[in-house]
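Visitor: I am new to this structure and would like a close look at one part of it. Please keep to that part and describe what surrounds it.

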Amino acid sequence: MQAIRINEFLKLPGLHTDYIIPGLVPKTGRIALYGAPKLGKTFLALQLATAVAQNTAFLGHQVTHGGSVLYLQFDTPAPIWHERLYALQQGGINIDDGFGVFTIRPNDLPKVCNILDGHTFRQLYDMVCQVNPALIIIDVLASIHRLDENKAQDMKLIVERLNH
């Protein structure tokens, strides 16, 4: 082990982070939206998805590496999800046929989703390969596993699986 000065650390190669939205959303890594229920986290995530898909600004920050988005919505029943998407469209967001936000077809939604299950993981992996997204949004994280979110060991398993 060797100590180096922080100015030397800044000069080390390979430590630069590329961003989808500079300073907000890294190209590789994870971010989380936290908050009490019914405060608009899903609408915020949808606005992020549309900004990345359309390569436009999000909360005043320009998307620099846009692309398709895979929005994995497991928490909201399909009719309510439909209403939210319709509200987004009515709010002026263009979601025409060329729009690059993808979600799971309602009939294909599993009754129970567990990313630690090999079959479920393979289905999600295949969907990611099909869409090749710049960004994946999981709404909500608790809906893709059956472990205790308050236990670091349990969440480590989920994060490791998501890294594949």
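Visitor: At what angle do α2 and helix α3 pack, and how far apart are their axes?

Guide: The model is a predicted one. In it, helix α3 covers residues 78-90, and α2 covers residues 41-54. The two helices pack at an angle of about 55°, and their axes are 11 Å apart. Angles under 35 degrees would count as roughly parallel, and those from 65 to 115 as roughly perpendicular. The pair α2 and α3 is therefore oblique. Their crossing is right-handed.

The contact can be followed residue by residue. On the α2 side, the residues are Thr42, Phe43, Leu46, Gln47 and Thr50. On the α3 side, they are Trp81, Arg84, Leu85, Ala87 and Leu88. Sorted by kind, the residues of this contact come to 6 nonpolar, 3 polar and 1 charged.

Trp81 of α3 appears in this contact with α2, and its ring also takes part in an aromatic pair. The count of aromatic pairs in the model is 2. One of them joins Tyr71 and Trp81, with 4.9 Å from centre to centre and 40° between the planes, so the pair is classed as tilted. Tyr71 belongs to strand β5 and Trp81 to helix α3, and the two are 10 residues apart in the chain.

Strand β5 leads on to the sheet. Three strands form an open sheet in the order β6-β5-β7, with parallel pairing. Its edge strands are β6 (101-102) and β7 (135-139), each of which pairs on one side only. Strand β5 takes in residues 69-73, and 2 bridges join this strand to β6. Val69 has Val101 in β6 as its bridge partner. In general, strands of a sheet pair through backbone hydrogen bonds.

Helix α2 also meets this sheet. Besides packing with α3, α2 lies across β5, β6 and β7 and runs at about 160° to β5. Helix α4 (residues 118-131) packs on the sheet as well: α4 touches β5, β6 and β7, and its direction makes about 150° with that of β5.

As for the wider setting, the protein chain has 5 helices and 7 strands. Along the sequence they follow the pattern α-β-β-α-β-β-β-α-β-α-β-α. The C-alpha atoms of the chain fill a box of roughly 55 × 35 × 35 Å, taken along the principal axes.

Notes
Residues are numbered from 1 along each chain as its sequence is written. This is a predicted model: local features need pLDDT of at least 70, side-chain atom pairs count only at pLDDT 80 or more; totals for chains, interfaces and linings use all residues. Side-chain values use heavy atoms; hydrogens and water are left out. Two strands pair if DSSP finds at least two bridges between them. Helices (H or I, at least four residues) and strands (E, at least two) are DSSP runs, numbered from the N terminus. Contact means heavy atoms within 4.5 Å. Axes are lines fitted to C-alpha atoms, for helices over the stretch in contact, and angles run from 0 to 180 degrees between N-to-C directions. Angles under 35 degrees count as roughly parallel, over 145 as roughly antiparallel, 65 to 115 as roughly perpendicular and the rest as oblique. A crossing is left-handed if the near helix is turned anticlockwise from the far one by less than a right angle, and right-handed if clockwise. Ala, Val, Leu, Ile, Met, Phe, Trp, Tyr, Cys and Pro count as nonpolar, Asp, Glu, Lys and Arg as charged, and the others, Gly among them, as polar. Rings of Phe, Tyr and Trp (its six-membered ring) pair if their centres lie within 6.5 Å; planes under 30 degrees apart count as stacked, over 60 as edge-to-face and the rest as tilted.
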